[in-house]
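The following exercises are to be worked with the sequence and the 3D structure at hand. Each task is followed by a solution in steps.

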Amino acid sequence: MKAVSIDVEPEGTRCGTVAIVGRPNTGKSTLLNALIGAKLASVARKPQTTRHNIAGILSRGDSQIVFVDTPGLDLYGKRLLNRMLNDSTWAALQQVDLALLIVDRDHWGEEDELALNRVREAARPCILCINKIDGFRRERLLPIMARLGEKHDFEEIIPVSAIKGENLEALLREVRRRMPAAPFLFPEDQVTSRSQRFIAAELIREQLIRNLHQEVPHSLYVEIEAYRDTEDLTEIAAVIWVDRASQRAIVIGRKGGTLKRIGAQARRALEQSLGRKVFLKLWVKDRADWQDNEAILASFDSEVI
């Protein structure tokens, strides 16, 4: 994946933080990955795929922008996990220089309104990013932009296609203009604040979500038990935790077929991300009601996902 370039102006270094916010399933993680040019966040056609604030670092010329991908704001989830994800987004908004509010091209609902209200409450300057414009007639965009522009005093309204890479350079130019003059926060060759263990758990969980559809929607998390680099390959051992024994059977599948398929796909994704051979071991265990377990959810701030 090729990172988007930024025009450089000879005026000293700029560095700032940007929260990518919005309701679930608007393409926030896809946008992060496209902007950075690396696979950092899980991407799937399921709401609430992202469970963490994942920082992606884009350093080009005199500019460094730290993008923070946040979980989608969810009005309807009642479990402790859902409340924790909403709190995580709110915490990120209070600490950044700029918010990117991501919406679908032709949809505005209660959760979009919730996201905008969070931006207002945090008093952050905000760029509205209308995503998924690929295959959309351009003459339909102007009235949508005008209608959404009445909702808030946005810094800019920019239509993009994260999946196709359309108009991302224009978005980055506007983001860069609003970054404060400051020294870089990270080394220029660093693309994320997260460890390789964290990225490994994200990539494994992505394949689980893609393969299991609605059978085990979000009743699982991935724990990296071992991560070791050798001269020839990286060895990873991970446990897939689910709510119930019946879900464990679904993840494993008949004669272990589902788990083997997920493991093979996750291994290929890991090899592409790491650029080296990977030996991956997966186990499936059940742990009742982990989504309401404070001790487990507290570990989400470390390397467990």
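**Exercise 1. Locate Thr 70, decide whether it is buried or exposed, and identify a polar partner of its side chain.**

Solution. The model is a predicted one.
Step 1: Thr 70 is situated in the loop that runs between strand E3 (63-69) and helix H2 (80-93).
Step 2: The cut-off for a buried residue is under 20% relative accessible area. Thr 70 has a relative accessibility of 0%, and therefore counts as buried.
Step 3: A polar atom of the Thr 70 side chain lies 2.7 Å from the backbone oxygen of Ile 20.

**Exercise 2. Describe the overall make-up of the protein in terms of helices, strands, burial and contacts.**

Solution.
Step 1: Nine helices and nine strands are present in the protein.
Step 2: Of its 305 residues, 53% are buried.
Step 3: Among contacts with a separation of 6 or more, 74% are between residues 24 or more positions apart.

**Exercise 3. Characterise the largest nonpolar core and the surroundings of Phe 67.**

Solution.
Step 1: The largest nonpolar core comprises 50 residues. Phe 67, Leu 100, Val 175 and Ile 204 have the most contacts inside this core.
Step 2: Helix H6 provides the largest share of this core, namely eight residues.
Step 3: Leaving aside residues up to four places away in sequence, the residues touched by Phe 67 include Ile 20, Leu 32, Leu 35 and Ile 36. Leu 100 and Val 175 are also among the residues that Phe 67 touches.
Step 4: Ile 20 thus appears twice in these exercises: Phe 67 touches Ile 20, and the backbone oxygen of Ile 20 lies 2.7 Å from a polar atom of the Thr 70 side chain.
Step 5: Another core, of 22 residues, lies apart from the largest one; Leu 93, Leu 101, Leu 116 and Met 145 are among its members.

**Exercise 4. State where Ala 34 is found, whether it is buried or exposed, and how its C-alpha atom is placed relative to that of Leu 168.**

Solution.
Step 1: Ala 34 belongs to helix H1.
Step 2: Its relative accessibility is 12%, so Ala 34 counts as buried.
Step 3: Ala 34 and Leu 168 are 134 residues apart along the chain, and their C-alpha atoms are separated by 8.4 Å.

**Exercise 5. Examine the phi angles of Asn 25 and Asn 167, and give the setting of each residue.**

Solution.
Step 1: Most residues other than glycine have a negative phi.
Step 2: Asn 25 has a positive phi, near 70 degrees. Asn 25 lies in the loop between strand E1 (14-21) and H1, and counts as partly exposed because its relative accessibility is 35%.
Step 3: The phi of Asn 167 is likewise positive, near 70 degrees. Asn 167 is placed in the loop between strand E6 (156-159) and helix H5 (168-177). With a relative accessibility of 35%, Asn 167 therefore counts as partly exposed.

**Exercise 6. Determine the volume, the lining and the residue classes of the second largest pocket.**

Solution.
Step 1: The volume of the second largest pocket is about 500 Å³.
Step 2: Its lining consists of 20 residues; Ala 38, Lys 39, Leu 40, Gln 272 and Ser 273 lie nearest the centre.
Step 3: At least two lining residues come from each of helix H1 (28-36), helix H6 (196-212) and helix H8 (257-274). H8 contributes the most, with four residues.
Step 4: Sorted by class, the lining has 10 nonpolar, eight polar and two charged residues.

Methods: Residues are numbered from 1 along each chain as its sequence is written. This is a predicted model: local features need pLDDT of at least 70, side-chain atom pairs count only at pLDDT 80 or more; totals for chains, interfaces and linings use all residues. Side-chain values use heavy atoms; hydrogens and water are left out. On a 1 Å grid over the protein atoms alone, a cavity is a set of points where a 1.4 Å probe fits but cannot get out, and a pocket is an open set with protein on both sides within 12 Å along at least five of seven lines; lining residues have an atom within 4 Å of a point. Grid points are joined across faces, edges and corners, and a volume is the space filled by probe spheres set on the points. Ala, Val, Leu, Ile, Met, Phe, Trp, Tyr, Cys and Pro count as nonpolar, Asp, Glu, Lys and Arg as charged, and the others, Gly among them, as polar. A nonpolar core is a set of buried Ala, Val, Leu, Ile, Met, Phe, Trp, Tyr and Cys residues joined through side-chain atoms within 4.5 Å. Buried means under 20% relative accessible area, exposed over 50%, partly exposed in between (1.4 Å probe, protein chains only). Contact means heavy atoms within 4.5 Å. A polar contact is a pair of N or O atoms within 3.5 Å; within protein, one must be able to donate a hydrogen and the other to accept it, and residues adjacent in sequence count only if both atoms are side-chain atoms.
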